[in-house]
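Visitor: Hi, I'm new to this one. Can you walk me through it?

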Amino acid sequence: MDDSRTRNRPPAAADALRTSSHHTHHHGVFCTIVPPHVLDRLARADDPALHEPARRTLERDALQRTRRRITTVRGIRATAAEREATDQPQRTIHDAGNREELPGEKVRGEGDDPGQDASVNRAYAGLGATFDLYLKVYGRRSIDGGGLPLDATVHYGQDYGNAFWDGERMVFGDGDGEVFRDFTLPLDVIGHELTHGVTQYTANLEYFSQPGALNESVSDVFGALIKQHSLGQTADQADWLIGAELLTDRVTGEALRSMKAPGTAYDDDVLGKDPQPATMDDYVDTSDDNGGVHINSGIPNHAFYLAATDLGGYAWERAGQIWYDVLTGGELAADANFTDFARLTLAAAESRFGAGDEQRALQKAWSRVGVETA
């Protein structure tokens, strides 16, 4: 297979962005759970009930994305060195009241009893479940490893059909009720978005082309693991779907993405067919979606699924540990491609577990999706 670096050069605009945004400190990229290609399809639908919320969502996303590019991350209350890194999350939930000002009104703080608003309660619980996996399984204290407070805003915008991490907080829309339900419903969506924060504070993978697809894939992997950990599921019990509770009954589909069978999550007359490839044979060369970050992430996603199910048991214990070691180990370059990442997983497997089942499962998984490791 030809080298994926030359095979998939980022478009010129992405190259310019790469140059202008090269950094040593941690910028937050603007990462949404619903890919632009899905919203683009909805925005072209004939039915105003579908296209109007989608167009508004795309406008809001474009605005937020621009804002992330032209502003640096504002100082987060205290640096990790100044904070007390505790084994307890510090959660604050705000309510935007269907407006677009962030953060909105504070409605629940750490230790407060649940209120009447189910979205607030789900966001609070989801932040807690994410904190739990990272602390109890990997010994990581919050997103930054130093006890970063976890903030979220619910009820953002009018019929806003997305959820995002903006470098500082989680933001959830209520959905349009036609295609998308409330974005606090799927726990893996919360875990996915917060993991963008973990990536931001560790490998800081660039958000285009293959490194961007790895950035998305890592978020899907840990989003899935957070759900599995919360439910106590083994690899063979899990559904390996991302956003399974998100789509309404109007949609012919079961989720936004499938790690088990990329390309099968939905096949709908309005949304179109899930475009994710499972292997490099179907790799999508595109300048859209930052070089297909939400599309080609299906390839490393599928490799993780194959390795985790081959190893069996709880996926966070071996496959997840290897992924975590690669993400946080300091060897993963910000512009890493799939082959770079795959090779590091093999090295991490040997370093932690020795030359055994873990390495064999990974070699087989990467080979099946067509990613070189030799």
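The chat below goes through the sheet, a helix pair, the salt bridges and some backbone details.

Visitor: What kind of model is this?
Guide: This is a predicted model.

Visitor: Okay, the sheet. In what order do the strands come?
Guide: The order is 1-5-6-4-2-3. Six strands make up this open sheet, and the pairing is mixed.

Visitor: Which ones are the edge strands?
Guide: Strand 1 (31-32) and strand 3 sit at the edges. Each pairs on one side only.

Visitor: How do strand 2 and strand 3 run, parallel or antiparallel?
Guide: Strand 2 and strand 3 run antiparallel, joined by four bridges. One residue to look at is His94, whose bridge partner in strand 3 is Lys106.

Visitor: And strand 2 with strand 4, parallel or antiparallel?
Guide: Those two run parallel. Five bridges join them. Arg91 stands opposite Leu150 of strand 4.

Visitor: What holds strands together in a sheet, in general?
Guide: Strands of a sheet pair through backbone hydrogen bonds.

Visitor: Is strand 2 covered or open? How many of its residues are buried?
Guide: Strand 2 is mostly covered, with five of its five residues buried.

Visitor: Which way do they point?
Guide: Arg91, Ile93 and Asp95 point one way. Thr92 and His94 point the other way. Both groups are buried.

Visitor: Back to those paired strands for a second. How many bridges join strand 2 to strand 3?
Guide: Four bridges, in an antiparallel pairing. Helix 5 (residues 118-138) packs on the sheet and touches strand 2, strand 3, strand 4 (150-154) and strand 6 (170-172). The direction of helix 5 makes about 150 degrees with that of strand 2.

Visitor: Now helices. How do helix 9 and helix 12 cross?
Guide: The axes of helix 9 (residues 298-311) and helix 12 (residues 357-368) come within 8 Å and cross at roughly 145 degrees. The crossing is right-handed.

Visitor: Which residues make the contact?
Guide: From helix 9, they are Pro300, Ala303, Leu306, Ala307, Asp310 and Leu311. From helix 12, they include Ala361, Leu362, Ala365 and Trp366.

Visitor: How do the contact residues divide, nonpolar, polar or charged?
Guide: Nine are nonpolar, five are charged and none is polar.

Visitor: Do any charged ones pair up? Which residue does Asp310 meet in a salt bridge?
Guide: The side chain of Asp310 meets that of Lys364, at 3.2 Å from N to O. Asp310 is in helix 9 and Lys364 in helix 12, so this pair ties together parts 54 residues apart in sequence.

Visitor: Are those two buried or exposed?
Guide: Asp310 is partly exposed, at 38% relative accessibility. Lys364 is partly exposed too, at 46%.

Visitor: How many salt bridges does the structure hold?
Guide: The structure holds 17 salt bridges. One of them joins Asp159 and Arg56, at 3.3 Å from N to O. That pair links distant parts of the chain, 103 residues apart. Asp159 is in the loop between strand 4 and strand 5 (163-165), and Arg56 is in helix 4 (residues 48-70).

Visitor: And how open are they?
Guide: Asp159 counts as partly exposed at 28%. Arg56 counts as partly exposed at 31%.

Visitor: What does Asp249 pair with?
Guide: Asp249 forms a salt bridge with Arg181, with the closest N and O atoms 3.4 Å apart. Asp249 lies in the loop between strand 7 (241-242) and strand 8 (257-258), and Arg181 in the loop between strand 6 and helix 6, so the pair ties together parts 68 residues apart in sequence. Asp249 is exposed, at 73% relative accessible area. Arg181 is partly exposed, at 30%.

Visitor: Which residues are linked in a network of salt bridges?
Guide: Asp47, Glu178 and Arg250 are.

Visitor: New topic, the backbone. Which peptide bond is cis?
Guide: The bond from Leu102 to Pro103 is cis, with omega near 10 degrees. Pro103 is in the loop between strand 2 (91-95) and strand 3 (105-109).

Visitor: What about phi? Where is Asn204, and what is its phi?
Guide: Asn204 has a positive phi, near 55 degrees. Asn204 lies in the loop between helix 6 (187-201) and helix 7 (209-231). Asn204 is buried, at 12% relative accessible area.

Visitor: And Asn290?
Guide: Phi of Asn290 is also positive, near 55 degrees. Asn290 is in helix 8 (residues 289-292). Asn290 is partly exposed, at 23%.

Visitor: Why point those out?
Guide: Most residues other than glycine have a negative phi, and most peptide bonds are trans.

Technical notes:
Residues are numbered from 1 along each chain as its sequence is written. This is a predicted model: local features need pLDDT of at least 70, side-chain atom pairs count only at pLDDT 80 or more; totals for chains, interfaces and linings use all residues. Side-chain values use heavy atoms; hydrogens and water are left out. Buried means under 20% relative accessible area, exposed over 50%, partly exposed in between (1.4 Å probe, protein chains only). Two strands pair if DSSP finds at least two bridges between them. Contact means heavy atoms within 4.5 Å. Axes are lines fitted to C-alpha atoms, for helices over the stretch in contact, and angles run from 0 to 180 degrees between N-to-C directions. A crossing is left-handed if the near helix is turned anticlockwise from the far one by less than a right angle, and right-handed if clockwise. Ala, Val, Leu, Ile, Met, Phe, Trp, Tyr, Cys and Pro count as nonpolar, Asp, Glu, Lys and Arg as charged, and the others, Gly among them, as polar. A salt bridge is a side-chain nitrogen of Lys or Arg within 4 Å of a carboxyl oxygen of Asp or Glu.
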